[in-house]
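The following report describes a two-chain model for a reader who works with coordinates. Please keep the sequence and the structure at hand while reading.

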Amino acid sequence: MFIEKWLEAFGRYLILMSRTFSVPERFRMFWKQYVKEMSQLGVDSIGIVLLISFFIGAVICIQMKVNIESPWMPRWVAGYTTREIMLLEFSSSIMCLILAGKVGSSIASELGTMRVTQQIDALEIMGVNSASYLILPKILGLLTLMPFLVIFSSATGILGAYGTAYIGHIIAPDDLTVGLQHDFVPWFLWMSIIKSQFFAFIISSVPAYFGYTVEGGSVGVGKSSTDAVVTSSVLILFSDVFLTQLLS
Amino acid sequence: MIEVRDLYKRFEDKEVLRGISTVFENGKTNLIIGQSGSGKTVLMKNLVGLLTPTSGQVLYDGRDFVAMSKHEQVMMRREMGMIFQSAALFDSLSVLENVMFPLDMFSDMTQRERQRRAMDCLDRVNLVGAEQKYPGEISGGMQKRVAIARAIALNPKYLFCDEPNSGLDPKTSLVIDELLHGITHEFQMTTIINTHDMNSVMGIGENIIFIYEGQKEWQGVSSQIMDSDNRRLTDFIFASDLLKEMRQAIRKETTA
């Protein structure tokens with residue numbers, strides 16, 4: 001029964017995506033929506049990404065220094081592990097989990113409200129492909145800005161680590177710098193960006209599905225918003241395992 | 001002209017429309033009336049393609065809408081305008097942008113021409129001066145008028161209105177009725193209005209279809225309602241004691 005329900009939902013999701021990925025009716029209108037979505041979903045998320053990344057970078061550095069470092073470990077190990085954790089997991093996966101909450105609920109509630117107030121029906125009656133008009137700019141907008149968010153997140157996390165060195169005096173800045181530069185693998189940055197692209201697609205398309213297909217009134221919108229965040233978070237975690245295995 | 005032939009619509013085990021056949025005439029305000037749950041909204045949704053009939057035909061000037069391909073239906077919809085019960089204006093767009101939306105999407109006019117056309121439509125519904133406001137900043141009656149302006153922006157051949165007077169005071173309802181009636185005659189559109197409002201029925205009903213439990217029970221014009229012997233129709237229209245008394249008084253006057 002559960003599998004049947006899940007398969008039905010997956011089929012409906014695929015049908016919605018096939019409608020979404022069609023040539024826009026008016027590029028002028030698509031471009032306007034695309035820029036708006038980049039601003040709303042991407043640029044407006046920069047603040048929270050920077051804030052969380054800064055403090056997580058600082059905390060990771062402190063934890064590594066306090067709990068990992070020992071006389072048998074090199075002094076740069078805290079800087080090295082902070083960089084690797086930020087780059088490999090936090091700035092892609094964990095940051096996307098946070099964005100699934102912020103961006104995902106916003107997409108699901110926006111589209112859900114449009115559905116229950118018949119705004120989507122109004123688009124359909126006009127002869128507009130509402131799925132393409134509303135969802136495609138969101139997916140492409142987030143895919144476009146996600147690499148920047150990943151880079152900003154990693155950079156700010158490292159700034160947070162420097163904060164513990166210069167302000168908290170937890171670690172010597174020189175040791176931190178040596179650790180951050182030690183054995184750097186550029187592929188890890190690309191891996192982080194590639195992973196984030198998959199997650200960006202999940203964060204934008206899954207809540208769009210939940211919002212677009214909402215039934216009922218405000219209760220339905222609230223439920224779709226919660227379901228969207230939970231489902232996209234679970235999907236991010238599952239796909240993180242496979243992507244990490246595949247790309248490592 | 002829109003012709004409906006033997007239309008059925010079933011939801012799982014419930015048959016909502018049961019063999020409706022009727023004609024909605026061009027250049028007239030066609031009203032669909034009936035009790036809540038009688039199938040009025042389902043009928044309208046079948047007409048505009050938001051629902052697919054279980055069987056039957058919907059003919060737009062002889063072209064079968066149900067048998068059309070998806071692409072043909074999309075093209076056909078560009079000849080339709082619809083006013084929803086909730087107005088369904090786009091929250092994020094201003095009044096002017098809402099009216100310009102169909103023009104932006106489908107017309108090849110320049111920006112200035114589109115703006116002028118939208119302002120003409122707003123002028124037609126007496127909303128000049130409100131163009132920079134957002135839907136949340138205007139009253140329900142104004143929202144309905146914006147919806148009318150948006151619906152007529154592309155000069156549609158067919159105009160659908162789902163309970164356009166719901167939630168409005170009687171005076172504003174009359175304004176909306178007069179607007180719809182005037183626009184229908186001015187642009188020679190086929191207008192179909194789904195309503196519960198008895199003022200609308202008696203005031204602008206040029207072709208009234210009464211639906212009862214998914215079937216067409218009665219069809220005629222407003223002047224025929226007073227003399228109708230159809231019990232279900234008269235029970236529905238003259239539901240209150242006051243209206244019953246008024247009807248009896250008018251009938252007495254006419255016979256005297």
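In chain A of this predicted model, residues 24 or more positions apart account for 85% of the contacts with a separation of 6 or more. Chain A holds nine helices and zero strands, so that from the N terminus on its elements read α-α-α-α-α-α-α-α-α. Of the 248 residues of chain A, 44% count as buried, and its C-alpha atoms fill a box of roughly 70 × 45 × 30 Å, taken along the principal axes.

One helix of chain A deserves a closer look. Seven of the eight residues of α5(A), which spans residues 119-126, are buried, so this helix is largely enclosed by the rest of the structure. The buried residues are A:Gln119, A:Ile120, A:Asp121, A:Ala122, A:Leu123, A:Ile125 and A:Met126. Their cover comes from both chains: it includes α4 (77-116) and α6 (130-166) of chain A, together with α1 (40-48), α2, β6 and α3 of chain B. After α5(A) comes A:Gly127, whose phi is positive, near 95 degrees.

Where the two chains meet, 15 residues of chain B are in contact with 13 residues of chain A. On the side of chain B that touches chain A, α2 (70-77), β6 (80-83) and α3 (95-106) each supply at least two residues. By class, that side of chain B has eleven nonpolar, one polar and three charged residues.

Helix α3(B) also packs within its own chain, against α5(B), at an angle of about 25 degrees and with the axes 7 Å apart. Since angles under 35 degrees count as roughly parallel, that makes α3(B) roughly parallel to α5(B), and the crossing of the two helices is right-handed. In this contact, B:Val95, B:Asn98, B:Val99, B:Phe101 and B:Pro102 of α3(B) meet B:Val146, B:Ala149 and B:Arg150 of α5(B). By class, the contact has six nonpolar, one polar and one charged residues.

Chain B also contains an open sheet of six strands in the order β6-β7-β8-β3-β9-β10, with mixed pairing. Because β6 and β10 of chain B stand at the edges, each with a single partner strand, one side of each is left without a neighbour in the sheet. The twist averages 20 degrees from one strand to the next. Within the sheet, β7 (residues 158-162) and β8 (residues 190-194) of chain B pair in the parallel sense over five bridges, and B:Phe160 has B:Ile192 in β8(B) as its bridge partner.

Two residues of chain B that are not glycine have a positive phi, and the table sets out their values and locations.

| Residue | Phi | Loop of chain B | Other C-beta atoms within 10 Å |
|---|---|---|---|
| B:Asn126 | near 55 degrees | between α4 (111-124) and α5 (140-152) | 13 |
| B:Glu213 | about 50 degrees | between β9 (207-212) and β10 (215-220) | 15 |

Are these two residues buried, exposed or partly exposed? With 13 other C-beta atoms within 10 Å, B:Asn126 is partly exposed, and B:Glu213, with 15 such atoms, is partly exposed as well. The loop that holds B:Glu213 joins β9 and β10 of chain B, and β10 is one of the edge strands of the sheet.

Conventions: Residues are numbered from 1 along each chain as its sequence is written. Chains are lettered from A and ligands numbered from 1 in the order in which they are written. This is a predicted model: local features need pLDDT of at least 70, side-chain atom pairs count only at pLDDT 80 or more; totals for chains, interfaces and linings use all residues. Two residues are in contact if their C-beta atoms, placed from the backbone, lie within 7 Å. Helices (H or I, at least four residues) and strands (E, at least two) are DSSP runs, numbered from the N terminus. Ala, Val, Leu, Ile, Met, Phe, Trp, Tyr, Cys and Pro count as nonpolar, Asp, Glu, Lys and Arg as charged, and the others, Gly among them, as polar. A residue is buried if 20 or more other C-beta atoms lie within 10 Å of its own, exposed if 12 or fewer, and partly exposed in between; C-beta atoms are placed from the backbone. Axes are lines fitted to C-alpha atoms, for helices over the stretch in contact, and angles run from 0 to 180 degrees between N-to-C directions. Angles under 35 degrees count as roughly parallel, over 145 as roughly antiparallel, 65 to 115 as roughly perpendicular and the rest as oblique. A crossing is left-handed if the near helix is turned anticlockwise from the far one by less than a right angle, and right-handed if clockwise. Two strands pair if DSSP finds at least two bridges between them.
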